[in-house]
Amino acid sequence: MLAFIVRRLIQSIIVMLAVAFIAFSLFQFTGDPINNMVGPEASAETRQLLRERLGLDKPFPIQFLHFVGNVVQGEFGVSYRLGMKVEDILVQRLPATLELVAVAALLALAVGVPLGVYTGLHRYGAVSRLMLTLSLVGISLPTFLIGILLILVFAVWLGWLPSFGRGKVVSIGWWTTNFTSWDGFRSIILPAITLSLFQMTLIMRLVRAEMLEVLRTDYIKFARARGLTNRAVNFGHALKNTLVPVITITGLQIGALIAFAIITETVFQWPGMGLLFLQAIQFVDIPVMSSYLVLVAFLFVIINLVVDLLYYAVDPRLRIDRAAVGAH
Amino acid sequence: MRANRPLLEVDRLRVEFPTRRGTLVAVDEISFHIDPGEVLGVVGESGAGKSLTGSAIIGLLEPPGRIAGGRILFDGSRIDDLPYEQMRRIRGKQIGAVFQDPLTSLNPLYSVGRQLIETITTHLDLSEGQARKRAIELLAEVGIPAPERRIDQYPHQFSGGMRQRVVIALALCANPRLIIADEPTTALDVSIQAQIIALLKKLCREHGTAVMLVTHDMGVIAETADRVAVMYAGRIAEIGPARQVIKQPLHPYTVGLMGSIPMVGTDADRLVQIEGAMPRLTEIPPGCAFNPRCPKVFERCRHDRPDLIRVGPASTACWLYDGQAGHD
Amino acid sequence: MTEMHASATVGGRTVDLIRRFLDSDVFHSFKRSPVVMVAFCVAMIFFAGAFFSPWLAPHNTFDASTLNLMDAFRPPAWKAEGMKEYLLGTDDQGRDVLSTIMFGMRVSLIVGFCSVLLAVAIGVTLGLISGYLGGAIDSFIMRVADVQLSFPAILVALLIDGFARSFLPRSMHEELALYVLILAIGASNWVQFARTVRGSVMVEKGREYVQAARVIGIHPAMIMVRHVLPNVIGPVLVIATLALAVAILTEATLSFLGVGVPPTRPSLGTLIRVGNNFLFSGEWWMTIFPGAALVLLVLAVNLLGDWLRDALNPKLR
């Protein structure tokens, strides 16, 4: 168990270093960063001074180590566009994105898994066929279009829900939340549905496919042959085996949610990290781009670790006690 | 002849698979019975319909396969047309099953004990604790050492032979009156096959359980079965007492089958081989299904399909014996 | 004489092939599913309408001289203020919406097809190398694949685009945007192809005929190309069809976000982006029609891919 976690941690660190390297190289490709920081009228001495202060006169590997050191301490530099420290901007933006992603993920799981199980168990039923066709429409609808349509119907035509922004948020320490005010809660409904719809259909189709796969196995047939109730076979034996791959994919999909939040945040002008990143790309704001990258990679690594641990908890085959294997 | 009512009676059972190129008849109007405590061996090449017959009896034919005709009676009452829930109560409780591959018959995510206890409490009115006690006894009975410790282990921690013992324990755990064992040793090492067969034989004798032993291994039949049914292309070619069928086979197919088994102590110079292969279900010839391969074929075999004809203690579906005795 | 004979055999063979196709399970399941047939027709009509848009489109939206700003913001023809010659209305520049959709879909499809071809090329090559060589190279490629797979395609594409923006001068970027986009989407979708091909190579490698071929001295690369590639055509085709849908969506999304195709060559995503600015003022047709065209196109491709997967793999039905 411990060895497993250590191995995973080492892998995660390698991935993080690789991402940090990519983020760092962004700076290298953009020409002289000094030009971005001081005006073209600055004197050669000022430039040299700044260069030395930032360590830009040092060789490449030293600069990289310096960069990694800064990142570990949570220092990401200063945004070219906003002139603020990137870490301050990120702290300000992080809660908006995480709350949106969390609500969307819960929504996708709460609807997707039961629908997947249902359509897997009643594969020839009319409702299942309808759901399956609808799910295909679901994965054919781009996220931004869902957002636009929801805005058109619920904000423009019906006027029920706000079409942009977070509404009224309440600060709890450095965190800001949507859930303590009615206005904030109303504001998150449309973005969360927009973000979750694609994942919902994906999870449903995945759970259905896995369920069908598992229901064909010998151990399910044997469980039926032992006269176990349908409930025990379907929800005890089949569902648990279905969940093993579903956990992995769901983990990956949370990563996808963070990425797709970029789109949702753009459509709804949601003040999260995704919107920040997109604006950074358009303005070639390298410090923001690279720190978004590092932060998102960090979130992904954490999610993957959690997924691995969950896997471990669900599947006894991974908890192999080598001594007991093959004992006759 | 028969003093008691048979435990299982299969009467003109027909199993069909509808496909887009017409309906395949996989089991073609076969009839046989099994008496209480008796071991009936069912032999034949793969595709002869042996396993499907077993699946039909326990009501677990996989769609699109279906029972298209005939009756199955268990202890005098029909079971082929029971609703799912009533049939479920019979499975495991009255009719147990052992499948071919012990590696895939057990749910990998649940401990052996959980699977046993679950089956016991489904059919018997026992508490969790009592069921666990019975599960340990059963494991000991099927020859698993240190059952108190091994009951909490997972299937992957058992070897193939040990897993098949667990499967047998699972099949026996509600004391069924009939066990359908579908190639229970085929997936095992040769050295372990004999042990498992001996165990099955011993347990069934002790519990008074009847067995329908599906296999393609004549050696297993010779050692275990009281009577044997030989199947060919979905039909019964010959059925009778095991010694009789092995020593004095009637049907030319059985003769060929016996001739192809190497026997220690007989001085046959070479093994007999049956020319050709069993026809595919789409290409079964009119008349006797064996006629294109039969060394003793004559005109009638190509047009009329033979019924089972009683010859001494056995019966065979072959025109060679027409007129020698009355129809069964 | 011999020539005629040869062509007759070729003809016979073609007829035979067609007959085999008409009798195959794939064609049978096609005939049996009306939804798939409709999807096929929709996809074909869209493909034709898009690729031949310079000849088929009612207006040339790239020719500024034909534009009339007086005709801007016309609703669809069946509305009171609509005009007969603009069936689906006009946009803010007075361009015919139907024509912009046809030209836009052309751009979307070009990016989609090219990026899928690129993904197939990268994926199949890396899959063959990885599966065949094994060892350190295999685990390296697969590790990269794992890591990339945990980063969503849209993020990888955005990143490549961001990279390109940061080290290409602005004027060049404009020019190269289409290629950057194809590269970005293609490079973000290769993993599935690589995994499928690698899996197949691993299976075939152990087969006896491959061992036998090796013993008689046939070059292993030859074996891979002759025996493994034919086996993966089916799965690769299925993945490619579904990947086409994803690529079209990714392109539309990037263009909607304003980091996709250059504004001079608007795709469906660009049209929706522009239309979105006018949604609140009631000019819904500028968003809804390109959006509907996009969804129908992707849905048709998805339906075909889904059906193809089931038809080629009856076990999963």
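**Notebook: helices of chain C**

I began with a pair of helices in this predicted model: the axes of helix 3 (residues 34-51) of chain C and helix 5 (residues 97-133) of chain C come within 7 Å and cross at roughly 100 degrees. An angle from 65 to 115 degrees counts as roughly perpendicular, so I noted helix 3 and helix 5 of chain C as roughly perpendicular to each other.

Next I looked up who meets whom. From helix 3 of chain C I wrote down C:Phe46, C:Phe47, C:Gly49, C:Ala50 and C:Phe51. Their partners in helix 5 of chain C are C:Met102, C:Met105, C:Arg106 and C:Leu109. Sorting the residues of this contact by character, I got seven nonpolar, one polar and one charged.

Then I stepped back to the whole chain. How many helices and strands does chain C have? I found 13 helices and zero strands, and reading along the sequence I just kept writing α, in the pattern α-α-α-α-α-α-α-α-α-α-α-α-α. Chain C has 317 residues, and 45% of them count as buried. I also checked the contacts in chain C with a separation of 6 or more: residues 24 or more positions apart account for 69% of them.

My last entry is about the neighbour, chain A. Here 35 residues of chain C are in contact with 31 residues of chain A. On the side of chain C that touches chain A, at least two residues each come from helix 6 (135-150), helix 7 (153-167), helix 11 (220-257), helix 12 (268-276) and helix 13 (285-312). I sorted that side of chain C too, and its residues divide into 23 nonpolar, nine polar and three charged.

Key:
Residues numbered from 1 in each chain as written. Chains lettered and ligands numbered in written order. Predicted model: local features only at pLDDT ≥ 70, side-chain atom pairs only at ≥ 80, totals over all residues. Axes fitted to C-alpha atoms, helices over the stretch in contact; angles between N-to-C directions. Helix = DSSP H or I, 4+ residues; strand = E, 2+ residues; numbered from the N terminus. Parallel < 35°, antiparallel > 145°, perpendicular 65-115°, else oblique. Contact = placed C-beta atoms within 7 Å. Nonpolar A, V, L, I, M, F, W, Y, C, P; charged D, E, K, R; others polar. Buried ≥ 20, exposed ≤ 12 C-beta atoms within 10 Å, placed from the backbone.
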